[in-house]
Amino acid sequence: MTDTNMISNQENALHIKNMVCNRCIMVVRNQLEQLGLQPVSVELGIAVLPDKVTDEVYHAVKEALEPFGFELIDDKKSQVIEQIKDAIIELVHYSDNDLKVNLSDYLTSKLNRDYSSISKLFSEITNTTIEKYLIAQKIERAKELLVYGELSLNEIADKLNYSSAAYLSAQFKSVTGLTPSYFKKIKENKRKPLDEV
(Lines give C-alpha, C1' and ligand atoms only; values in the text may rest on other atoms or scores of the structure.)
Protein backbone atom coordinates (compact mmCIF):
# COMPACT_ATOMS: atom_id res chain seq x y z
CA MET A 1 0.00 0.00 0.00
CA THR A 2 1.30 3.48 -0.85
CA ASP A 3 1.78 5.88 2.03
CA THR A 4 -0.95 8.47 1.43
CA ASN A 5 0.72 10.84 3.91
CA MET A 6 3.58 11.34 1.45
CA ILE A 7 1.35 11.95 -1.56
CA SER A 8 -1.63 13.89 -0.22
CA ASN A 9 -0.09 17.31 -0.90
CA GLN A 10 1.34 16.52 -4.31
CA GLU A 11 -0.04 18.05 -7.48
CA ASN A 12 -0.75 14.61 -8.96
CA ALA A 13 -3.17 13.47 -6.24
CA LEU A 14 -6.95 13.46 -6.58
CA HIS A 15 -8.94 13.40 -3.33
CA ILE A 16 -12.21 11.55 -3.79
CA LYS A 17 -15.26 11.57 -1.52
CA ASN A 18 -17.53 8.53 -0.93
CA MET A 19 -14.94 5.83 -1.57
CA VAL A 20 -15.77 3.29 1.13
CA CYS A 21 -14.87 -0.17 -0.14
CA ASN A 22 -12.62 -2.22 -2.38
CA ARG A 23 -15.28 -2.13 -5.11
CA CYS A 24 -15.10 1.68 -5.01
CA ILE A 25 -11.34 1.47 -5.56
CA MET A 26 -11.93 -0.85 -8.53
CA VAL A 27 -14.54 1.49 -10.09
CA VAL A 28 -12.34 4.57 -9.68
CA ARG A 29 -9.29 2.76 -11.10
CA ASN A 30 -11.39 1.55 -14.04
CA GLN A 31 -12.75 5.04 -14.78
CA LEU A 32 -9.28 6.59 -14.64
CA GLU A 33 -7.93 3.93 -16.99
CA GLN A 34 -10.84 4.48 -19.41
CA LEU A 35 -9.81 8.14 -19.53
CA GLY A 36 -6.34 7.01 -20.56
CA LEU A 37 -4.85 7.86 -17.18
CA GLN A 38 -2.67 5.19 -15.62
CA PRO A 39 -2.97 5.74 -11.86
CA VAL A 40 0.13 5.10 -9.78
CA SER A 41 -2.15 4.06 -6.90
CA VAL A 42 -5.82 4.11 -5.95
CA GLU A 43 -6.79 3.81 -2.29
CA LEU A 44 -9.80 4.78 -0.20
CA GLY A 45 -10.21 8.51 -0.77
CA ILE A 46 -7.20 9.16 -2.99
CA ALA A 47 -5.90 8.40 -6.46
CA VAL A 48 -2.40 9.32 -7.52
CA LEU A 49 -1.65 9.94 -11.18
CA PRO A 50 1.81 9.80 -12.77
CA ASP A 51 1.58 13.45 -13.87
CA LYS A 52 0.32 16.75 -12.47
CA VAL A 53 -3.48 17.03 -12.53
CA THR A 54 -4.38 19.72 -15.07
CA ASP A 55 -7.76 21.50 -15.12
CA GLU A 56 -8.70 19.45 -18.17
CA VAL A 57 -7.88 16.15 -16.45
CA TYR A 58 -9.61 17.28 -13.24
CA HIS A 59 -12.88 18.06 -15.05
CA ALA A 60 -12.76 14.85 -17.12
CA VAL A 61 -12.25 12.78 -13.96
CA LYS A 62 -14.99 14.71 -12.15
CA GLU A 63 -17.47 13.98 -14.95
CA ALA A 64 -16.44 10.31 -15.13
CA LEU A 65 -16.82 9.71 -11.39
CA GLU A 66 -20.00 11.65 -10.59
CA PRO A 67 -22.40 9.05 -12.11
CA PHE A 68 -20.97 6.53 -9.62
CA GLY A 69 -21.60 8.83 -6.64
CA PHE A 70 -17.98 9.96 -6.17
CA GLU A 71 -16.98 13.59 -5.79
CA LEU A 72 -13.60 15.26 -6.11
CA ILE A 73 -12.67 17.30 -3.05
CA ASP A 74 -10.97 20.65 -3.53
CA ASP A 75 -10.54 22.24 -0.14
CA LYS A 76 -7.93 21.03 2.34
CA LYS A 77 -10.28 20.76 5.33
CA SER A 78 -12.68 18.49 3.44
CA GLN A 79 -9.72 16.39 2.27
CA VAL A 80 -8.59 15.88 5.87
CA ILE A 81 -12.15 14.97 6.98
CA GLU A 82 -12.38 12.42 4.17
CA GLN A 83 -8.98 10.98 5.12
CA ILE A 84 -10.17 10.58 8.73
CA LYS A 85 -13.39 8.87 7.61
CA ASP A 86 -11.51 6.60 5.20
CA ALA A 87 -9.00 5.63 7.90
CA ILE A 88 -11.81 4.75 10.33
CA ILE A 89 -13.73 2.79 7.68
CA GLU A 90 -10.56 0.90 6.78
CA LEU A 91 -9.88 0.18 10.46
CA VAL A 92 -13.40 -1.03 11.30
CA HIS A 93 -14.39 -2.82 8.10
CA TYR A 94 -11.17 -4.11 6.56
CA SER A 95 -8.59 -4.56 9.34
CA ASP A 96 -9.95 -7.48 11.31
CA ASN A 97 -7.66 -7.50 14.33
CA ASP A 98 -6.51 -3.90 14.30
CA LEU A 99 -9.42 -2.50 16.33
CA LYS A 100 -7.42 -3.08 19.48
CA VAL A 101 -5.18 -0.12 18.58
CA ASN A 102 -5.56 3.25 20.25
CA LEU A 103 -7.70 5.38 17.89
CA SER A 104 -5.81 8.62 18.45
CA ASP A 105 -2.44 6.89 17.85
CA TYR A 106 -3.83 5.17 14.75
CA LEU A 107 -5.16 8.40 13.22
CA THR A 108 -2.06 10.39 14.18
CA SER A 109 0.18 7.91 12.36
CA LYS A 110 -2.22 7.43 9.43
CA LEU A 111 -2.66 11.16 8.74
CA ASN A 112 0.69 12.32 10.09
CA ARG A 113 -1.09 15.06 12.08
CA ASP A 114 -1.66 15.90 15.74
CA TYR A 115 -4.79 14.14 17.06
CA SER A 116 -6.18 17.14 18.93
CA SER A 117 -6.13 19.26 15.77
CA ILE A 118 -7.81 16.63 13.58
CA SER A 119 -10.34 15.89 16.31
CA LYS A 120 -11.23 19.59 16.59
CA LEU A 121 -11.44 19.97 12.80
CA PHE A 122 -13.62 16.85 12.47
CA SER A 123 -16.07 18.10 15.13
CA GLU A 124 -16.13 21.58 13.61
CA ILE A 125 -16.88 20.38 10.05
CA THR A 126 -19.11 17.33 10.67
CA ASN A 127 -20.92 18.40 13.87
CA THR A 128 -20.03 15.07 15.48
CA THR A 129 -16.96 13.65 17.16
CA ILE A 130 -14.46 11.18 15.75
CA GLU A 131 -15.45 8.82 18.57
CA LYS A 132 -19.15 8.97 17.61
CA TYR A 133 -18.22 8.36 13.97
CA LEU A 134 -16.15 5.33 15.05
CA ILE A 135 -19.10 3.99 17.07
CA ALA A 136 -21.44 4.46 14.09
CA GLN A 137 -19.03 2.50 11.88
CA LYS A 138 -18.64 -0.24 14.50
CA ILE A 139 -22.42 -0.59 14.75
CA GLU A 140 -22.68 -0.85 10.94
CA ARG A 141 -20.01 -3.56 11.03
CA ALA A 142 -21.93 -5.33 13.82
CA LYS A 143 -25.10 -5.19 11.66
CA GLU A 144 -23.18 -6.74 8.77
CA LEU A 145 -21.85 -9.53 10.98
CA LEU A 146 -25.29 -10.16 12.51
CA VAL A 147 -26.86 -10.45 9.05
CA TYR A 148 -24.22 -12.99 8.01
CA GLY A 149 -25.12 -15.05 11.08
CA GLU A 150 -21.73 -16.75 11.26
CA LEU A 151 -20.60 -15.29 14.60
CA SER A 152 -22.18 -15.17 18.04
CA LEU A 153 -22.73 -11.81 19.72
CA ASN A 154 -19.77 -12.56 22.02
CA GLU A 155 -17.55 -13.19 18.98
CA ILE A 156 -18.77 -9.99 17.29
CA ALA A 157 -18.10 -8.02 20.48
CA ASP A 158 -14.59 -9.44 20.64
CA LYS A 159 -13.94 -8.77 16.93
CA LEU A 160 -15.02 -5.13 17.33
CA ASN A 161 -13.00 -4.70 20.55
CA TYR A 162 -15.94 -4.30 22.94
CA SER A 163 -15.29 -5.28 26.55
CA SER A 164 -18.42 -7.49 26.55
CA ALA A 165 -21.42 -8.54 24.50
CA ALA A 166 -23.59 -6.61 26.97
CA TYR A 167 -21.69 -3.37 26.23
CA LEU A 168 -22.05 -3.97 22.46
CA SER A 169 -25.78 -4.67 22.94
CA ALA A 170 -26.26 -1.48 24.93
CA GLN A 171 -24.40 0.63 22.35
CA PHE A 172 -26.21 -1.12 19.47
CA LYS A 173 -29.60 -0.35 21.05
CA SER A 174 -28.54 3.24 21.79
CA VAL A 175 -27.60 3.82 18.13
CA THR A 176 -30.28 1.79 16.32
CA GLY A 177 -33.14 1.62 18.82
CA LEU A 178 -33.10 -2.17 18.44
CA THR A 179 -31.46 -5.00 20.32
CA PRO A 180 -28.98 -7.06 18.27
CA SER A 181 -31.21 -10.15 18.55
CA TYR A 182 -34.27 -8.22 17.31
CA PHE A 183 -32.22 -6.69 14.50
CA LYS A 184 -31.06 -10.17 13.49
CA LYS A 185 -34.70 -11.32 13.27
CA ILE A 186 -35.88 -8.45 11.06
CA LYS A 187 -32.63 -7.62 9.21
CA GLU A 188 -34.50 -6.22 6.19
CA ASN A 189 -32.68 -3.21 4.75
CA LYS A 190 -31.54 -1.96 8.14
CA ARG A 191 -27.92 -1.58 7.05
CA LYS A 192 -26.74 1.73 5.65
CA PRO A 193 -24.20 2.36 2.90
CA LEU A 194 -20.93 3.30 4.65
CA ASP A 195 -20.80 6.75 3.08
CA GLU A 196 -24.19 7.53 4.69
CA VAL A 197 -23.16 6.58 8.24
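Here is a friendly exchange about how the terms used for this predicted model are applied.

Reader: What kind of model is this, and how are its residues numbered?
Author: It is a predicted model, in which local features need pLDDT of at least 70 and side-chain atom pairs count only at pLDDT 80 or more, while totals for chains, interfaces and linings use all residues. Residues are numbered from 1 along each chain as its sequence is written, and side-chain values use heavy atoms, with hydrogens and water left out.

Reader: Which helices and strands does the protein chain have, and in what pattern?
Author: The protein chain has ten helices and four strands. Helices (H or I, at least four residues) and strands (E, at least two) are DSSP runs, numbered from the N terminus. Along the sequence the pattern reads α-β-α-β-β-α-β-α-α-α-α-α-α-α.

Reader: Why is Cys-24 not counted in a disulfide with Cys-21?
Author: A disulfide is a pair of cysteine sulfur atoms within 2.5 Å. The closest cysteine sulfur to that of Cys-24 belongs to Cys-21 and is 3.2 Å away, so the two are too far apart for a bond. By this rule the count is zero disulfides.

Reader: Is Cys-24 buried or exposed?
Author: Buried means under 20% relative accessible area, exposed over 50%, and partly exposed in between (1.4 Å probe, protein chains only). Cys-24 has 9%, so it is buried. Across the protein chain, buried residues make up 44% of the 197 residues.

Reader: Why is Leu-14 called buried, and what is it in contact with?
Author: Leu-14 has 2% relative accessibility, so it counts as buried. Leu-14 sits in strand β1. Contact means heavy atoms within 4.5 Å. Leaving aside neighbours within four places in sequence, the contacts of Leu-14 include Leu-32, Ile-46, Val-53, Tyr-58 and Leu-72.

Reader: What is notable about phi in Asn-18 and Asn-112?
Author: Most residues other than glycine have a negative phi. Asn-18 has a positive phi near 80°, and Asn-112, also not a glycine, has a positive phi of about 55°. Asn-18 is in the loop between β1 (13-17) and α2 (22-34), while Asn-112 is in the loop between α5 (103-111) and α6 (115-126).

Reader: Are these two residues buried or exposed?
Author: Asn-18 has 15% relative accessibility, so it counts as buried. Asn-112 has a relative accessible area of 61%, so it is exposed.

Reader: How do you know how α7 and α9 are oriented?
Author: Axes are lines fitted to C-alpha atoms, for helices over the stretch in contact, and angles run from 0 to 180 degrees between N-to-C directions. Helix α7 (residues 130-148) and helix α9 (residues 165-176) pack at about 105°, with their axes 10 Å apart. Angles under 35 degrees count as roughly parallel, over 145 as roughly antiparallel, 65 to 115 as roughly perpendicular and the rest as oblique. That makes α7 roughly perpendicular to α9. Among the residues making this contact are Ile-135 and Leu-146 of α7, and Leu-168 and Phe-172 of α9.

Reader: What makes α6 and α7 roughly perpendicular?
Author: Their axes come within 9 Å and cross at roughly 75°, so α6 and α7 are roughly perpendicular to each other. Here Tyr-115, Ile-118, Ser-119 and Phe-122 in α6 meet Ile-130, Glu-131 and Tyr-133 in α7.
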